[in-house]
Amino acid sequence: MYLSLDPHSGTPLYLQIKEQMRLAVATGAVRAGEQLPTVRELAAELRLNPNTVARVYRELQAEGLLVSRQGSGTFVADEALACVDRQTADLVRQKMRGIVALGLSVGLTLPDLRQAFDEITDEAGQAGVVGRPGSPLRPRRDHDE
């Protein structure tokens, strides 16, 4: 799992890690049962205080995304995908708010942003990009049956 942190984003680092871990589960980059690095390993890799990573793991465990097994480590929970699916719509909306705010801050108008969104979603549709089967954000298609 690759995590990229931006210390200048204004979003606390622990929230950036949590969001990226949720996305990793949602996209299948990490799967249920997969073992995660230890708190110390991930903290060293990201050059963070171990308490920051411990907070992330603790909060994701409380949300049901991760499980800790005594003496074995921290793993992606069996129910992680269902947990993320419940949170995905909110996460996408949150990202879209950031994109809209960015666009408006550089002088784009709402119609400009709508046009860009329509163009990008059209491109994805033409490229055959569809969401993960079973995702609450993916419209059901006739051939899904």
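Trainee: Leaving aside its neighbours within four places in sequence, which residues is Tyr57 in contact with?

Mentor: Bearing in mind that this is a predicted model, one finds Tyr57 in contact with Met21, Leu36, Pro37, Thr38, Val39, Leu42, Leu66 and Thr74, once its neighbours within four places in sequence are left aside. Tyr57 also belongs to the largest nonpolar core, a set of 24 residues in which Met21 and Tyr57 touch the most other members.

Trainee: Which elements give two or more residues to this core?

Mentor: Those elements are α1, α2, α3 and α4, and the largest share, six residues, comes from α1.

Trainee: How many helices and strands are there in the protein chain, and how do they run from the N terminus on?

Mentor: The protein chain has five helices and two strands, and their order from the N terminus on is α-α-α-β-β-α-α. Of its 145 residues, 26% count as buried, and among contacts between residues at least 6 apart in sequence, 50% join residues at least 24 apart.

Trainee: Taking one helix as an example, which residues of α2 are buried?

Mentor: The general idea comes from the helix itself: an α-helix has 3.6 residues a turn, so residues three or four places apart point the same way. In the case of α2, which spans residues 39-46, the buried residues are Leu42, Ala43 and Leu46. Seen down the axis of α2, these buried residues fall within an arc of 100°, so they line one face of the helix.

Trainee: What covers the buried residues of α2, and what does the face turned away from its buried side carry?

Mentor: The cover includes α1 (13-27) and α3 (50-62), whereas the face turned away from the buried side carries the exposed residues Arg40, Ala44 and Glu45. Following α2 comes Arg47, whose phi is positive, near 60°.

Trainee: Turning to pockets, what is the volume of the second largest pocket, and which residues lie nearest its centre?

Mentor: A pocket can be read by its volume and then by its lining. The second largest pocket has a volume of about 500 Å³, and among the 19 residues that line it, Thr11, Glu19, Leu91, Gln94 and Lys95 lie nearest its centre. The elements that give two or more residues to this lining are α1 and α4 (80-105), with α4 supplying the largest share, eight residues.

Trainee: How do the residues of that lining divide into nonpolar, polar and charged?

Mentor: For the second largest pocket, the lining divides into five nonpolar, eight polar and six charged residues.

Definitions and conventions:
Residues numbered from 1 in each chain as written. Predicted model: local features only at pLDDT ≥ 70, side-chain atom pairs only at ≥ 80, totals over all residues. Heavy atoms only, no water. Buried < 20%, exposed > 50% of the residue type's maximum accessible area, 1.4 Å probe, protein only. Helix = DSSP H or I, 4+ residues; strand = E, 2+ residues; numbered from the N terminus. Arc of directions from axis to C-beta. Contact = heavy atoms within 4.5 Å. 1 Å grid on protein atoms, 1.4 Å probe; cavity = no way out; pocket = protein on both sides within 12 Å on 5 of 7 lines; lining within 4 Å. Points joined across faces, edges and corners; volume = space filled by probe spheres on them. Nonpolar A, V, L, I, M, F, W, Y, C, P; charged D, E, K, R; others polar. Core = buried A, V, L, I, M, F, W, Y, C linked by side-chain atoms within 4.5 Å.
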